[in-house]
Amino acid sequence: MRYREIELDAFQVAAIEAIERHDTVIVAAPTGAGKTVIAEYAIERYLATGRRIIYTAPVKALSNQKFRDFSAAWVDQIGIVTGDVSINPTAPVLIMTTEIFRNTVFDDPARLHDVEYVILDEIHYINDIQRGTVWEESLIFAPPHIGFICLSATIPNLDEFADWIREIRPQLNTAVVVEQHRPVPLEHHLWVPGAGEATLKDVRRLSDSAASKGRRLRPHEAKRVLGAGQRDPSGTGDIVAHLEHLNRLPCLYFCFSRAACEQNARRYAEHELLSEAEQARMLELFDTLSQQFGLAEDAAAARLRPLVGQGTAFHHAGMLPMLKEVVERLFATGLLKLLFTTETFAVGVNMPAATVVFESLEKYDGVDTRYLLTREYQQMAGRAGRRGIDEVGYIYARIDPAQAVPEEIERIVTGAVEPTESQFNLSYASILSLWQRYGENVFSVVEMSFANFQNSTRLRELEADLADLKAEPQPAIDCLKNEPKSIRRYLASQEELRRAKNRADGERRRVERRCSGRKQQRQLAHELRLIEDPIQRLEEKVRGSLCHTCQRKKTCSQQQRAINTHYEQIDDGERQILRIRHHHRDQIAKRLAVLREFGYLDEQGLTAKGDMAASLYGFELPITELFYAGFFENMSEQEIAALMVAVVFESKRTTWYAAIDNAELKMYLREAALVIREIERREVELGIEGGLESLDESLTTTTLAWMDGVALDELTAVTDASGGDVVRTLRHAVDLLRQFRRSLDQHPLLRDKIDLCIRLLRRDEVDAERQLRLGHAIDRAADVARTAAPLVEPS
């Protein structure tokens with residue numbers, strides 16, 4: 001089968017045939033295999049019939065890229081709606097984040113009556129701890145006539161996932177299409193800095209050698225172990241020099257901190273990776289894009305320019321969104337040879353490279369430093385190899401032999417991908433929306449979740465294990481004195497004595513410190529006697545047991561301990577089964593208790609507070625509580641913005657933020673924090689998982705300065721937070737303000753105030769829609785230029 005003058009692969013044909021049957025189709029194929037062609041076919045197919053298509057992506061950068069790509073093909077028939085962008089929202093093909101789609105399903109499902117398919121790109125995001133529940137809710141509650149096209153590179157338990165979809169969406173057939181072949185095969189390499197390439201066997205030898213010396217190996221020592229002349233033809237021991245020598249650039253170089261990205265980019269800018277002509281072309285492109293995106297005077301862009309001129313750049317979340325887009329466009333030209341980036345690039349825009357390098361196979365995940373999951377490694381490694389350009393994609397992982405754990409490295413590079421697991425966890429807004437539909441039957445939702453589907457299998461396994469455990473025969477205690485239960489009591493008394501002695505040790509030290517004076521010796525003796533007396537009584541109880549002097553004490557004790565362990569395992573198994581069976585139901589019940597206690601639900605259903613909270617997705621309880629506590633009506637636009645930013649912001653301990661110098665505003669924010677703290681306290685008491693976060697007022701002074709018209713570069717006077725972090729936070733606040741505004745039909749004065757607040761925040765770099773329109777205009781101008789360019793015969 002041919003489509004757009006391309007002979008399709010068998011898996012693409014199978015998926016298209018499923019679409020023609022209007023099946024839900026799940027496609028698992030390697031990165032670069034051509035999954036997007038399937039989405040494009042569905043769009044073209046149903047545009048011709050007047051039906052609508054919704055395309056969802058997990059990150060806004062990917063949504064924006066698809067908007068540009070699809071608009072090039074279908075022009076005004078493409079629209080986009082994300083949290084901070086709305087362009088052509090009634091278009092027949094609408095691109096949105098998965099959260100926006102889920103919200104539409106809950107708020108107004110009738111708007112989806114003419115939708116034929118929803119394309120869920122990167123469906124493996126259902127495994128994401130923070131956001132995975134959104135994908136589940138979308139699949140469970142979307143109108144039954146809608147078909148889904150689920151695209152992913154990594155769903156190891158694909159059959160289980162497909163069986164779940166068949167169960168919750170029986171109205172349509174569900175087809176599974178799997179492609180194992182990767183168009184550009186990958187080669188995986190390990191790299192020892194200063195020495196060269198290594199195998200897992202080499203890593204074990206190097207690790208043993210470092211352990212025997214009790215220190216890290218020096219480069220010449222590692223070379224001696226490896227025979228490094230053959231391991232690094234460049235002779236430098238440097239990974240980039242090695243790649244340049246073997247013509248394996250451009251390279252995506254993954255680092256796990258922003259600082260490492262920038263430091264490496266500055267370091268390697270000293271390498272001459274571009275010819276003079278390429279340098280000139282690169283700087284011309286950079287200057288043109290900077291001018292088009294309004295970054296000509298931007299300080300961060302000026303600092304990046306000399307690096308770009310050498311074919312090197314960095315890309316991370318701390319950068320301005322527009323500057324990140326400039327870097328992405330430069331990398332797409334192939335002139336940018338080295339891009340140092342964080343792992344977010346792996347799930348964002350589609351930017352493959354000849355080679356992927358890992359700075360390390362360990363990362364800090366916000367709690368601890370750990371080795372990568374195989375899934376994380378493969379997601380990033382999948383960026384290696386450009387279809388139609390490279391015959392092989394290369395992956396290099398830098399290894400420190402002194403600290404490497406060979407078993408972990410082997411698991412990451414060659415192990416099976418971890419199965420996709422449900423992260424189902426209904427928010428307060430979702431529970432309220434579902435309560436409107438189902439009332440007390442809201443608990444039946446749990447039975448539809450992927451978590452419940454997975455747990456049903458797990459429960460069957462646990463119940464079978466428990467039955468086997470209970471069926472195991474236990475030895476009878478052969479007591480010489482015909483008191484078989486006495487050994488159990490004897491062991492219990494021994495354990496009680498052991499715990500009492502441990503407690504007494506601490507109590508004794510505290511009493512001795514408190515009564516250390518000469519005049520306190522009588523008091524000391526009295527209190528020590530109070531500690532020792534219970535110990536003596538327990539010792540007498542142990543000595544008085546029938547078992548204490550019995551010649552079979554040791555044998556009977558071993559038998560009884562084995563019996564005790566057996567019944568403890570049974571108790572643990574029963575508790576685990578109960579926990580798995582009731583966990584999600586219990587969490588919903590606890591959240592319902594909070595909603596009732598704080599006035600969101602009553603016997604008639606949703607209250608006015610409940611209606612407002614149900615219309616907000618994200619921070620629904622803080623905003624509603626603050627509104628009903630009177631925190632908005634009499635406040636200025638600046639104070640409202642400061643409060644919204646405090647709701648969404650999460651400060652970094654290493655970042656400086658100027659203190660609030662307005663005592664009245666500071667008191668206002670502190671009082672708001674107390675309101676939210678009441679709900680937080682109740683959540684903790686009930687044991688609710690993933691509860692509310694406290695207000696964070698750290699960015700208040702920065703927010704006020706921005707609303708006063710201060711330029712982004714000048715905000716360094718009030719914070720050293722990165723421009724990207726500031727912009728992202730203010731955009732998030734704008735998104736929340738928009739949602740809040742829609743719930744204020746009965747409050748026109750406050751709506752007007754919110755409108756002004758949004759206008760003051762949403763300017764220059766914070767205006768995400770402006771950035772997208774600029775990028776779209778640049779693409780269209782480039783297309784026009786290419787079309788108008790005369791054909792020139794090569795000389």
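In the predicted model, helix α25, spanning residues 700-707, packs against helix α27, spanning residues 748-761, with an angle of about 90° between them and their axes 8 Å apart. Because angles of 65 to 115 degrees count as roughly perpendicular, α25 is assigned as roughly perpendicular to α27. On the α25 side the contact is made by T703, W706 and M707, and on the α27 side by C757, L760 and L761. Classified by residue type, this contact of α25 with α27 comprises five nonpolar residues and one polar residue, with no charged residues.

Strand β4, formed by residues 52-57, is mostly covered, six of its six residues being buried. The burial extends to both faces of β4, with R52, I54 and T56 on one side and I53, Y55 and A57 on the other. Two parallel pairings involve this strand. With strand β8, residues 115-120, β4 pairs in the parallel sense over five bridges, and within that pairing the bridge partner of Y55 is I119 of β8. Strand β7, residues 93-97, also runs parallel to β4 and is joined to β4 by five bridges, with L94 of β7 as the bridge partner of I54. Y55 and I54, the β4 residues named in these pairings with I119 and L94, lie on opposite sides of β4, and both are buried.

A further set of parallel pairings involves strand β15, residues 338-341, from which L338 and F340 point one way while L339 and T341 point the other way, all of them buried. Strand β13, residues 251-254, runs parallel to β15 and is joined to β15 by four bridges, and in this pairing F254 stands opposite T341 of β15. Strand β14, residues 312-315, likewise pairs with β15 in the parallel sense, over four bridges, and here A313 has L339 of β15 as its bridge partner. The two β15 residues named in these pairings, T341 and L339, point the same way from the strand and are buried.

With regard to confidence, the chain averages a pLDDT of 89, and 96% of the residues score at least 70. Over residues 789-795, by contrast, pLDDT stays under 50, and for this stretch the model has zero contacts beyond four places in sequence. Where pLDDT is low, predicted coordinates should not be read in detail.

Technical notes
Residues numbered from 1 in each chain as written. Predicted model: local features only at pLDDT ≥ 70, side-chain atom pairs only at ≥ 80, totals over all residues. Heavy atoms only, no water. Axes fitted to C-alpha atoms, helices over the stretch in contact; angles between N-to-C directions. Parallel < 35°, antiparallel > 145°, perpendicular 65-115°, else oblique. Contact = heavy atoms within 4.5 Å. Nonpolar A, V, L, I, M, F, W, Y, C, P; charged D, E, K, R; others polar. Buried < 20%, exposed > 50% of the residue type's maximum accessible area, 1.4 Å probe, protein only. Pairing = 2+ DSSP bridges. pLDDT = per-residue confidence, 0-100.
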